[in-house]
Amino acid sequence: MSRIGKLPISIPAGVTVTQANGVVTVKGPKGELSQHVDSSIKVNIEDGQIVFEVDENSPVNIKQKQAFHGLYRSLVHNMVVGVSEGYTKVLELVGVGYRVSNQGNLIEFSLGYTHPIFIQLPAEVKVETKSERNQNPLLILESCDKQLLGLICAKIRSFRKPEPYKGKGILFKGEVIRRKSGKTASAK
């Protein structure tokens, strides 16, 4: 049995959880999310808690059932936290001349290429940019969907991955890049 899967999820005030036809739907003040749950996992919603159990009669092999047990519990827990509190990621652009600006959900990056890079974000993601003097530009992303937010952050980071020699690139706020020393001249 999965250690994570057997932990119950408490439902906070203002959040409603429903289940129908193998789909768990979570509604809250920050939004609404839904997730399909495999038939080998039973979802019980009672007394303000969500409990996941493995269906022993399912034809799926036992290792797969145990993996699904923890997976779906984690996905539904992320949904409950997302619709009640939300998720925030802060990206920092480190490099000379790196800039970011937004108009609504359209973000424009200037990252040292010959052209600007534009990316249109979905409506579920709120974006804010901060550019202060003598500070690195910041990009603040907020959403109730943790998976979508992570996917967007990975896409944005792929424009300029952090590099270990000068420490330039798009980093998460507070992330530390392991620096490497450059070439050293050999004395002969």
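Visitor: Why is Cys-153 called buried or exposed?
Guide: Cys-153 has a relative accessible area of 1%, and buried means under 20% relative accessible area, exposed over 50%, and partly exposed in between, with a 1.4 Å probe and protein chains only. Cys-153 therefore counts as buried, and Cys-144, at 10% relative accessibility, counts as buried too. This is a predicted model, in which local features need pLDDT of at least 70 and side-chain atom pairs count only at pLDDT 80 or more, while totals for chains, interfaces and linings use all residues. Residues are numbered from 1 along each chain as its sequence is written, and side-chain values use heavy atoms, with hydrogens and water left out.

Visitor: How do you know whether the sulfur of Cys-144 is too far from the closest cysteine sulfur for a bond?
Guide: A disulfide is a pair of cysteine sulfur atoms within 2.5 Å, whereas the sulfur of Cys-144 lies 14 Å from the closest cysteine sulfur, that of Cys-153, and so is too far for a bond. By this rule the count of disulfides comes to 0.

Visitor: What makes a set of residues a nonpolar core?
Guide: The residues must be buried Ala, Val, Leu, Ile, Met, Phe, Trp, Tyr or Cys, joined through side-chain atoms within 4.5 Å. The largest such core here has 23 residues, of which Phe-109, Leu-139, Leu-141 and Ile-156 touch the most other members. Helices (H or I, at least four residues) and strands (E, at least two) are DSSP runs, numbered from the N terminus, and among those supplying at least two residues of this core are β7 (87-94), β12 (138-143) and α2 (146-157). The helix α2 gives the most, with 5 residues. A second, separate core of 20 residues includes Val-15, Val-24, Val-26 and Ile-41.

Visitor: What makes β2 and β3 a pair?
Guide: Two strands pair if DSSP finds at least two bridges between them, and β2 and β3 (residues 23-28) have 5 bridges in the antiparallel sense, which means that they pair. One of the residues bridged is Gln-19, whose partner in β3 is Val-24. The strands β3 and β4 also pair in the antiparallel sense, over 6 bridges, and a hairpin joins β3 to β4 through 2 residues.

Visitor: Why do β2 and β4 stand at the edges?
Guide: In the open sheet of 3 strands the order is β2-β3-β4, and β2 (16-20) and β4 (31-36) each have a single partner strand, so one side of each is left without a neighbour in the sheet.
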